[in-house]
Amino acid sequence: MKIDVSAPRPPRLGLALSGGGSRAIAFHLGCLRALHDLGILQQSKIISTVSGGSVIGAAYAYGGYSDFDEFDRDMVALLRTGLQRSMFGVVLFSRLTLPIFATLLLHLVPGLLFWVVRKVLSVTRAMTGLPVQSLQMWLLSGEDRLPVWATLSTALEYVLDRRLFRGQGLGDVKHENIEVVINACDLRTGTAFRFGSRHSGGWRYGRISDADAFPVAKAVAASAAFPVLLPPLIETFNFVRSGAAPREYEIALSDGGVFDNLGVNVLEPGRDPSISVNVSDVTHILCLNAGAGQSAIGSRTLWMMPRLKQSFEIAHRRVQEAAYSRLHRLVDSGLLSGFVMAYLGQEDAKLPAPPPDLVPRSAVREYPTDFAAMSEDSIRLLTTRGEQLTRLLVSRYLGDI
């Protein structure tokens, strides 16, 4: 999309809510409080959400609350109870119990057998040079054909629908002046897949032909399906492209943070609408980032799980740093009029004129990203820091809107 940077444009704000589980929900709630009080939340034209940010962002857009105070109270209640206990209740004592365990057993036993045979074939090929690639691919396709009835991610979808969304589809957004984009990732192609109140799909496939009725709860569950703990949601859609017949594809939907944990990519100007499914024309981007920030010198991470966790966090930070650089270049080029990052993990000493009662970074950065119940003290600290940072940075850098 070509933008005339020489022509004055009225302010158009895009809001990005990062991933980060329940830590993100609490931090974003504080940020949204500040934006609402400043009158900026009501001016937002598009909200792009990821993972935990999708839970609270979609709740705001689709919840149908009578006012912001009602939304605020409901989010605090959600944080107090969490989602974990309800999910395990669904797994053990619901109509999904049998499908979940049947899927688990089906994929555990044959899936393990397929995996062992493929590894044996790999070793055989390495030692003997026998051409067994075709057999390996046939075994892999056999794994893909195993049915998936329900998983722990389905339980998350069930809890989200019962607790927040009550059967609403993507076309049922309550704030009619706001466009919503819920970011997920397709593991089959390693590309972004986005659900939106206007358009849904991905550049590898095209647009979903009729996405308005697709459940909001399923889109949010896909966006929050952290791959280490939650399996992907397997869905089949009919996709359309300009000038081409509709085609059906099966996709594997996982956490949007795998591709872009900030949710800013879809808001960046200059995206080509002939390729990209979701294109925006914002002039300002406000990113609410619940990331913990640069860690102190840690352990040697000798064992697998700490090693994988640290590697995942390093990759996240590198992607975020690249996003910061792109946004700065977009402002320098005039394609963006400005952007602000309210960052939970920001070092306090680098903030411009922090308030004397600032909740310190050290008090919140180590809070886990799981969806467990949160204490009153943790809710207070996380929401207060979000509110303080947002007021400080918006007042300083977004005075023109």
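Cys-287 is buried in this predicted model, with a relative accessible area of just 1%. Cys-31 is buried too, because its relative accessibility is 0%. So what about disulfides? The structure holds 0 of them. For Cys-31, the nearest cysteine sulfur is that of Cys-287, and it sits 9.6 Å away. Turn that around and you get the matching picture: Cys-287 is in no disulfide, and its nearest cysteine sulfur is that of Cys-31. A disulfide needs the two sulfur atoms within 2.5 Å, so a gap of 9.6 Å rules this pair out.

Now for the nonpolar interior. The largest nonpolar core has 87 residues, and Leu-160 and Phe-195 are the ones with the most contacts inside it. Which helix gives the most to this core? That is helix α1, spanning residues 21–38, with 8 residues. Apart from this core lies another one, of 17 residues, and Leu-262, Val-266, Leu-267 and Tyr-343 are among them.

Phe-195 is worth a look on screen. Leaving out residues up to four places away in sequence, Phe-195 touches a list of residues including Leu-170, Val-180, Val-181, Ile-182, Phe-214, Phe-237 and Leu-253. Ala-219 is also one of the residues touched by Phe-195, and Ala-219 belongs to helix α8, where it is buried. Helix α8 covers residues 216–223, and 8 of its 8 residues are buried. Among them are Lys-218 and Ser-223, along with Val-216 and Val-220.

Two other helices each offer a residue to compare. Gln-388 is found in helix α11, residues 376–397, and counts as buried because its relative accessibility is 12%, under the 20% cut-off. Setting aside residues up to four places away in sequence, Gln-388 touches Asp-357, Leu-358 and Val-359. Ile-314, in contrast, lies in helix α10, residues 304–333. Is Ile-314 buried or partly exposed? At 38% relative accessibility, Ile-314 counts as partly exposed. The C-alpha atoms of Ile-314 and Tyr-205 are separated by 30 Å, with the two positions 109 residues apart along the chain.

Here are the four residues with accessibility values, side by side.

| Residue | Relative accessibility | Class |
|---|---|---|
| Cys-31 | 0% | buried |
| Cys-287 | 1% | buried |
| Gln-388 | 12% | buried |
| Ile-314 | 38% | partly exposed |

Next, the empty space. How many cavities of 30 Å³ or more does a search of the whole structure find? It finds 1, and about 50 Å³ of space lies in the largest cavity. The lining of this cavity is made up of Ser-22, Ile-25, Leu-78, Leu-79, Gly-82, Leu-83, Phe-371 and Ala-372. Both α1 and α3 (68–81) supply at least two residues each to that lining. By type, the lining divides into 6 nonpolar residues, 2 polar and no charged.

Finally, there is the second largest pocket, with a volume of about 950 Å³. Its lining has 31 residues, and those nearest the centre are His-107, Val-148, Thr-151, Pro-232 and Ile-234. Helices and strands both take part: α4 (84–92), α5 (97–128), α6 (133–144), α7 (152–165), β7 (233–240) and β8 (247–255) give two or more residues to the lining. Which element gives the most to this lining? That would be α5, with 5 residues. The lining of this pocket divides into 18 nonpolar, 6 polar and 7 charged residues, whereas the lining of the largest cavity has no charged ones.

Definitions and conventions:
Residues numbered from 1 in each chain as written. Predicted model: local features only at pLDDT ≥ 70, side-chain atom pairs only at ≥ 80, totals over all residues. Heavy atoms only, no water. Buried < 20%, exposed > 50% of the residue type's maximum accessible area, 1.4 Å probe, protein only. Core = buried A, V, L, I, M, F, W, Y, C linked by side-chain atoms within 4.5 Å. Helix = DSSP H or I, 4+ residues; strand = E, 2+ residues; numbered from the N terminus. Contact = heavy atoms within 4.5 Å. 1 Å grid on protein atoms, 1.4 Å probe; cavity = no way out; pocket = protein on both sides within 12 Å on 5 of 7 lines; lining within 4 Å. Points joined across faces, edges and corners; volume = space filled by probe spheres on them. Nonpolar A, V, L, I, M, F, W, Y, C, P; charged D, E, K, R; others polar.
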